[in-house]
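Me: I would like a close look at the aromatic rings in this model, and then a walk outward from them. Please keep it brisk.

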Amino acid sequence: MNCIIVDDEPLARKAIQKLVSQTENLESIASFNGADATREFLAKNAVDLVFLDIQMPGVNGIEFARTIPKKTLVVFTTAFHEFASESYEVDAIDYLIKPVKLERFQKAVEKAQTYCKLFHNDYTNSNIENITDDYIFVKADRRMFKVHFSDILFIEGLKDYVVIYLENQKVITLMNIKTINDLLPKNFFVRVSKSYIINVNKIDSVDNNTIYMGKNEIPIGNIYRDFFFNEFITKKILNK
């Protein structure tokens with residue numbers, strides 16, 4: 001998988017480059033200090049992954065991410081936690097806080113590699129075939145998967161795909177997150193950001209910005225926060 005690095009700070013670009021060199025199956029093919037040169041490069045070259053700073057002169061990273069080609073993945077790099085939820089609103093696959101540690105960097109790359117393979121596979125015939133009160137049949141990877149609602153941890157949407165996360169399995173299918181959200185039971189599934197739907201019964205803990213489910217950290221989007229807390233946290237606590 002190839003990548004490019006976009007950051008207005010030379011030391012920050014060098015730090016990411018070092019992390020790339022320590023990561024298998026990842027190659028840096030260019031680095032840039034701003035959006036204009038990056039845009040020109042992307043117009044002429046196929047890029048799998050962009051490590052993109054958020055706070056840059058001129059166009060900020062979140063706005064620039066909206067213009068990046070559909071099959072190019074984005075991982076944001078920034079020194080500020082407060083941009084996390086906003087970053088997922090533009091289909092970023094991860095959000096790294098500077099200084100970035102190698103283990104955390106490689107976790108983001110592993111996720112990117114999964115999605116890179118996804119985009120090279122043919123999921124055009126994947127969809128939900130049947131739905132009942134308790135489960136759905138999902139057609140994916142030339143098979144039919146029976147997925148019980150109670151087994152779903154969360155669902156992640158990325159561009160035109162959704163990934164259904166179970167305890168020990170992921171099911172990927174060609175469908176947007178709004179469509180699957182409309183099909184799910186509303187008593188224990190809730191959309192918490194543009195990219196995530198969660199099973200509230202699987203929550204371990206929660207703070208104002210993040211839902212924790214085992215090793216998974218799910219960001220809460222700004223426009224979804226009040227509904228989530230009012231309907232699924234505060235109300236349920238008061239009703240116990």
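The charged end of which residue sits over the ring of Tyr 135, and how far is it from the ring's centre?

Reply: The residue is Lys 146. Its charged end lies 4.4 Å from the centre of the Tyr 135 ring. Keep in mind that this is a predicted model.

Now the ring-to-ring contacts. Searching the whole structure gives 9 aromatic pairs. One of them joins Phe 154 and Tyr 196. Their centres are 6.0 Å apart, and the planes make an angle of 55 degrees. That pair is tilted. It also links distant parts of the chain. Phe 154 belongs to strand β9, residues 154–158. Tyr 196 belongs to strand β13, residues 196–199. The two residues are 42 apart. Both Phe 154 and Tyr 196 are buried.

A second pair is made by Phe 188 and Phe 189. Here the centres are 4.8 Å apart and the planes stand at 35 degrees, so this pair is tilted. The cut-offs explain the label: planes under 30 degrees apart count as stacked, and those over 60 as edge-to-face. Phe 188 has a relative accessible area of 14% and is buried. Phe 189 is buried as well, at 2% relative accessibility. Both values fall under the 20% limit for a buried residue. Ring pairs also bring in Phe 149, which forms a cluster with Phe 188 and Phe 189.

Pro 185 sits in the loop between α6 (177–183) and β12 (189–191). Its relative accessibility is 19%, so Pro 185 counts as buried, since the limit is under 20%. Pro 185 and Asp 133 are 52 residues apart along the chain. Their C-alpha atoms are separated by 7.7 Å.

Next, the largest pocket. Its volume is about 1300 Å³. It is lined by 41 residues. The closest to its centre are Asp 94, Arg 104, Lys 107, Lys 215 and Glu 217. Elements giving two or more residues to the lining include β9, the strand that holds Phe 154. Others among them are β5 (94–97), β10 (161–165) and β16 (216–219). Helix α5 gives the most, with 7 residues. By type, the lining divides into 18 nonpolar, 8 polar and 15 charged residues. Where does this pocket lie? Domain 1 (2–120) and domain 2 (130–236) both give residues to the lining, so the pocket lies between them.

The backbone has two details to check. The first topic is a peptide bond. From Lys 98 to Pro 99 the bond is cis, with omega near -5 degrees. Pro 99 is in the loop between β5 and α5. Both of those elements give residues to the pocket lining.

The other topic is a phi angle. Asn 25 is not a glycine, yet its phi is positive, at about 60 degrees. Asn 25 lies in the loop between α1 and β2 (27–32). Its relative accessibility is 61%, so Asn 25 counts as exposed, the limit being over 50%.

Helix α1 (residues 10–21) holds Lys 14. Lys 14 also counts as exposed, at 61% relative accessibility. Between the C-alpha atoms of Lys 14 and Ser 31 there are 9.3 Å. Along the chain, Lys 14 and Ser 31 are 17 residues apart.

Key
Residues numbered from 1 in each chain as written. Predicted model: local features only at pLDDT ≥ 70, side-chain atom pairs only at ≥ 80, totals over all residues. Heavy atoms only, no water. Phe/Tyr/Trp six-rings, centres within 6.5 Å; stacked < 30°, edge-to-face > 60°. Helix = DSSP H or I, 4+ residues; strand = E, 2+ residues; numbered from the N terminus. Buried < 20%, exposed > 50% of the residue type's maximum accessible area, 1.4 Å probe, protein only. Lys NZ or Arg CZ within 6 Å of the ring centre and 35° of its normal. 1 Å grid on protein atoms, 1.4 Å probe; cavity = no way out; pocket = protein on both sides within 12 Å on 5 of 7 lines; lining within 4 Å. Points joined across faces, edges and corners; volume = space filled by probe spheres on them. Nonpolar A, V, L, I, M, F, W, Y, C, P; charged D, E, K, R; others polar. Domains from an automatic or database assignment.
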